[in-house]
Amino acid sequence: MLKGKNIVVGVTGGVAAYKACDIVSRFKKLGAEVNVIMTKAATEFVQPQAFQALSQNPVTVDMFETPRYWDIEHISLAQKADVLLVAPATANIIGKVANGIADDMLSTTIMASTAKVVFAPAMNTKMYENVIVQDNIKKLKNLGYHFIQPASGRLACGDIGVGKLCEPEKIVEAVIEIALPVQDLAGKNLLVTAGPTVETIDPVRFISNRSSGKMGYAIAEAAQARGAIVTLVSGPTNIKPPAGVDFMPTTSAINMYDTVMEHFNKQDIIIKAAAVGDYRPENPADMKIKKQEGNLTINLVRNPDILLELGKRKTNQILVGFAAETNNLLEYATGKLNKKNADLIVANDVTENGAGFGSDTNIVYLLDRQGEQRKIEMASKLEIANKILDKVIELSK
Ligand code: CTP
């Protein structure tokens, strides 16, 4: 299954370092070529020989030693890797990468690589919850690095809480899903919209919404990893677009409408994850509006409904809409499925814990025209994105 794939496993100094042996062995059994890089601290927990035997490759420990096992091409590990997994990942390696520090072989390789990087953190609960660590994780996530959520349980230090390395079996599954997925969308043109729209009131003020863009960007990333030719049309967000997608930044609903319509014809799949504002100020002011006595009234006029228009124009495209609701979820979502002539509606209750705007996770229902209402339990937005794409493929058969 992983034949021809190059996986670099970075092992850092935590009690869970021994579990990386199991991870390496699982990747090998699946046919991957595995190279292990250990930090000095990791060698306090596991001998490099163990990883050498399991990976059947020399193990790299410190870049400032005379090259013994690895040759002059040591940077080539960074280049040939299809994916870099750091497991267990300490607060130290996460902090280094988040701050651009490259002072040993592992941090240098991560920094020199354009491959996907997946961190599987493991550390004491208090440390994991430390705002500095959490800020570093957030920063790296926004830059496109991946994280596998640690599990809860009894930690090596005796504390009970979150911070245990996720099970090796699950780590291997997650890495495959994130970085080495099947190419079942190869050659398909997929357009996804993401983020909020922004409507100008005057040169310094605007109307927008709370969409972070995370769901749409996760769809773009998952589709691209599965071989699709992805166009990402996005309102302003703080997220870096996935490498390799055709990125089209937009602002207002009309701007997004025009961009989508311009690229609509050549698409096989269109996924409308953007939170499009339904109204815009009728007459945006050219100059800053100065305050005056009394109240201010701004007249709002309706924006075009992009999804509704696509529903009218579609020929053989698969059209997916979203329904973000606070009540009567399935009823409203079914209404949108029919009214907008979509093939699939992804419905979520934005008031639920673990779902909605800004969250890293989501809980959704997939509603299709055959009347199926499939619930996807709480999962990361990337996992949800893959479930949506699985359903799209099912519908296109
Ligand atoms: N949508 C769109 N253009 C709009 C409004 C919404 O393309 N002007 C799309 C969204 O991208 C989403 C779907 O329609 O895929 C549902 O959006 P939502 O705002 O939840 O629904 P509305 O049709 O605006 O209905 P309501 O405001 O009554 O909930």
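In this predicted model, the lining of the second largest pocket is a mix: 17 nonpolar, 15 polar and eleven charged residues. The space inside comes to about 1000 Å³. A total of 43 residues line this pocket, and A274, A275, V276, F322 and A324 are the closest to its centre. If you want to find the walls by element, look for α9, α11 (306-313), β16 (318-325) and α12 (329-339), which each give two or more residues to the lining.

**The ligand**

Now let's look at the ligand. Which residues come nearest to the ligand? There are 13 residues around the ligand, with K272, A274, L307, F322 and K340 coming nearest. Notice that A274 and F322 also turned up among the residues closest to the centre of the second largest pocket.

Three polar contacts are worth tracing on screen:

| Residue | Part of the residue | Ligand atom | Distance |
|---|---|---|---|
| K272 | backbone N or O atom | oxygen | 2.7 Å |
| D305 | side-chain N or O atom | nitrogen | 3.4 Å |
| K340 | polar side-chain atom | oxygen | 2.5 Å |

How much of the ligand does the protein cover? On its own the ligand has 560 Å² of accessible area, and the protein covers 77% of that.

**The largest pocket**

Next comes the largest pocket, holding about 1800 Å³ of space. Its lining is made of 48 residues, and the ones nearest the centre are Y145, H146, F147, I178 and L382. Quite a few elements chip in with two or more residues, including α5 (105-112), α7 (131-142), α8 (168-179) and α13 (381-395) among the helices and β4 (116-121) and β19 (373-380) among the strands. Sorted by class, you get 24 nonpolar, eleven polar and 13 charged residues. Where does this lining come from, in terms of domains? Both domain 1 (6-179) and domain 2 (189-396) contribute, with at least three residues each.

**A cavity**

Finally, how many cavities of 30 Å³ or more does the structure hold? Just one, with a volume of about 30 Å³. Lining this cavity are K116, E177, I178, P181, E221, A222, A225, L382 and N386. You've met I178 and L382 already, since both are named among the residues nearest the centre of the largest pocket. The cavity lining takes at least two residues from each of α8, α9 and α13, and α9 gives the largest share, three residues. By class there are five nonpolar, one polar and three charged residues. Once again, domain 1 (6-179) and domain 2 (189-396) each supply at least three residues of the lining.

Methods:
Residues numbered from 1 in each chain as written. Predicted model: local features only at pLDDT ≥ 70, side-chain atom pairs only at ≥ 80, totals over all residues. Heavy atoms only, no water. 1 Å grid on protein atoms, 1.4 Å probe; cavity = no way out; pocket = protein on both sides within 12 Å on 5 of 7 lines; lining within 4 Å. Points joined across faces, edges and corners; volume = space filled by probe spheres on them. Helix = DSSP H or I, 4+ residues; strand = E, 2+ residues; numbered from the N terminus. Nonpolar A, V, L, I, M, F, W, Y, C, P; charged D, E, K, R; others polar. Domains from an automatic or database assignment. Near = heavy atom within 4 Å. Polar contact = N/O pair within 3.5 Å; in protein donor to acceptor, adjacent residues only side chain to side chain. Areas by Shrake-Rupley, 256 points an atom, 1.4 Å probe, with all protein chains shown as cover.
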